[in-house]
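Thanks for sharing this one. Below are some notes to read side by side with the coordinates.

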Amino acid sequence: MKQKLSRQSENISLVAVIVVLFIIFTILQPNMMTLFNIKNILVQVSLTAIAAAGMTFAYTAGVFDMSVGSILALISVVVAKVATTAGVVPAIGAAFLIAVVVGILNGLIVTKLGIQAFAATLVTMILIRGIAVLMADGADVPLYSVNAIKFISSGTILGIPFPIILTVLVYAASYFLYYKTEFGMKIRSVGSNGDASRISGIRTDRMITAAFVLTAVTAVFSSLIKTAQVMFGKATIGEDFALDVMTTVILGGTVITGGKGNLTGTLIASVLIAVIKNGLNINNVNSYYQQLAIGIILIFALVFNGMKSMKNARQIRREG
C-alpha cells in the first residue's frame with residue numbers, strides 16, 4: 001500500500017510539472033496550446049514512450065539496454081530494404097524477428113558470459129549500428145514507393161493518430177503483463193533479489209533475457225513510427241534515443257537497482273520529455289540546448305532515484 005501511494009504521489013508530481021511547463025511555454029508562444037500542436041506532442045510521445053515501456057521491464061529486472069538506439073536504426077534499414085522488395089507485412093515481420101534475436105543475444109551475453117549489462121549492450125550498440133550502416137551502404141534507403149507504410153506515422157482511426165492508438169495498446173498490454181501476470185511478478189522478484197529468486201526456482205537467466213527481448217521488441221514500434229515519418233531507412237537515427245528512453249524510465253520512478261517499476265510514471269515522464277522538447281522547439285531553442293536540458297533532467301532523476309533507493313534500503317534494514 002505504501003509503495004502504491006508513493007507511486008501515485010510521484011505520478012501526480014510529474015503531472016503538476018507538465019501543467020506548469022505547458023503554461024509557461026504557452027505564455028512564451030501561444031501556438032503551444034493549439035490542437036494541432038497538442039497532437040504533435042502526443043505523436044512525439046509515442047516514439048519514446050513505447051520503447052520506454054520495454055525498458056521499464058529491463059530496469060525492473062536489474063538490467064538496462066544501451067543498444068536500443070542502434071536497434072532503432074537497424075530496424076529502420078531492414079524495414080526499408082524489405083518493404084521495397086517484398087512489401088510492408090514481410091518487412092514488419094522481419095523487424096520483429098531481428099528484435100527477438102538481438103534481445104536474446106543481449107540476454108545471453110549478460111547471463112551466460114557474466115558481463116555487466118552496461119558493457120554488454122555498449123558493445124552490441126556499436127556492433128548493431130555498424131551492421132545498419134553496412135546494410136544501408138552508408139546512405140539513406142528511400143521508401144517513397146511504399147505509400148502504405150505512411151499510415152503507421154500519419155494514419156488516423158476515428159480521427160485519432162495511429163501512433164497514439166499504438167501507444168495506448170502497448171501500455172495496456174505492458175500494464176497487464178507487468179502487474180497482472182506471473183511473468184511480471186517474476187521480473188520484479190529477479191530485480192529485487194536474484195539469488196533468492198534463483199533458490200525459489202525462478203529461471204532468472206530466462207527472465208533477464210525476456211526483459212531484453214521486450215526492450216528490443218518495443219523499440220521496433222518506435223522505429224516503425226520514426227521510419228514512416230521520414231520515409232527513409234536511416235542508419236543514423238536513434239543516436240540519442242537510449243538517453244531519452246533511460247531518462248524517461250528513471251524520471252518515471254522506476255528504481256535503477258531493480259525490483260520496483262512504475263509503468264504509469266514512465267508514460268507520464270514520456271509526456272513531460274515531449275512537452276519540454278516541443279516547447280523548446282516552438283520557441284526556436286537550439287537542439288543542442290535541448291539535449292543539455294534532457295541531460296540535466298537525467299542527473300536530477302538519478303539523484304532522486306539514488307536517494308529513494310537509499311531510503312528503501314534503510315527501511316528494509318529497520319524492518320529486518
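The numbered points go from the core to the surface, then to the aromatic pairs and the salt bridges.

1. Before the details, please keep in mind that this is a predicted model. The values in these points are computed from that model.

2. Let's begin inside. The largest nonpolar core has 91 residues, and the members that touch the most others are Met55 and Ile149. If you would like to look at one of these two, select isoleucine 149: beyond its neighbours within four places in sequence, this residue is in contact with Val79, Val88, Leu143, Ala228 and Met231.

3. On the outside, Val15, Val19, Ile23 and Ile27 make a nonpolar surface patch of about 360 Å². Valine 19 belongs to helix H1, which covers residues 2-28. Is valine 19 buried or exposed? The answer lies in between: its relative accessible area is 44%, so valine 19 is partly exposed.

4. Now to the rings, where there are nine aromatic pairs in the structure. In one of them, the ring centres of phenylalanine 57 and tyrosine 178 are 5.3 Å apart and the planes stand at 80 degrees, which makes the pair edge-to-face. Because phenylalanine 57 sits in helix H2 (residues 35-60) and tyrosine 178 in helix H7 (residues 162-180), this pair ties together parts that are 121 residues apart in sequence. Phenylalanine 57 has a relative accessibility of 1% and so counts as buried; tyrosine 178, with a relative accessible area of 1%, is buried too.

5. Phenylalanine 57 has another partner to check. Its ring and that of phenylalanine 183 have centres 6.3 Å apart and planes at 35 degrees; the planes are neither under 30 degrees apart nor over 60, so the pair is tilted. Here the link runs from helix H2, which holds phenylalanine 57, to helix H8 (residues 182-192), which holds phenylalanine 183, and the two are 126 residues apart. Both phenylalanine 57 and phenylalanine 183 are buried. To see the wider picture, display Phe57, Tyr175, Tyr178, Tyr179 and Phe183 together, as they form one aromatic cluster.

6. The charged side chains come next, with five salt bridges in the structure. Lysine 112 and aspartate 205 meet in one of them, at 3.3 Å from N to O. This pair links distant parts of the chain, with lysine 112 in helix H4 (residues 88-112) and aspartate 205 in helix H10 (residues 204-230), 93 residues apart. Lysine 112 counts as exposed at 56% relative accessibility, whereas aspartate 205 is partly exposed, its relative accessible area being 27%.

7. What about loops? The side chains of lysine 234 and aspartate 140 form a salt bridge as well, at 2.9 Å from N to O. Lysine 234 is in the loop between strand E4 (232-233) and helix H11 (241-251), and aspartate 140 is in the loop between helix H5 (117-135) and strand E1 (141-142), so this pair ties together parts that are 94 residues apart in sequence. Aspartate 140 counts as partly exposed, at 36% relative accessibility.

8. Finally, a salt bridge within a helix: lysine 186 pairs with glutamate 182, and their closest N and O atoms are 3.3 Å apart. These residues are four apart in helix H8, so about one helical turn separates lysine 186 from glutamate 182. At 24% relative accessibility lysine 186 counts as partly exposed, while glutamate 182 is exposed, with a relative accessible area of 51%.

Definitions and conventions:
Residues numbered from 1 in each chain as written. Predicted model: local features only at pLDDT ≥ 70, side-chain atom pairs only at ≥ 80, totals over all residues. Heavy atoms only, no water. Core = buried A, V, L, I, M, F, W, Y, C linked by side-chain atoms within 4.5 Å. Buried < 20%, exposed > 50% of the residue type's maximum accessible area, 1.4 Å probe, protein only. Contact = heavy atoms within 4.5 Å. Patch = residues over 30% accessible without salt bridge, like charges linked within 9 Å, V, L, I, M, F, W, Y side chains within 5 Å. Areas by Shrake-Rupley, 256 points an atom, 1.4 Å probe, with all protein chains shown as cover. Salt bridge = Lys/Arg side-chain N within 4 Å of Asp/Glu carboxyl O. Phe/Tyr/Trp six-rings, centres within 6.5 Å; stacked < 30°, edge-to-face > 60°.
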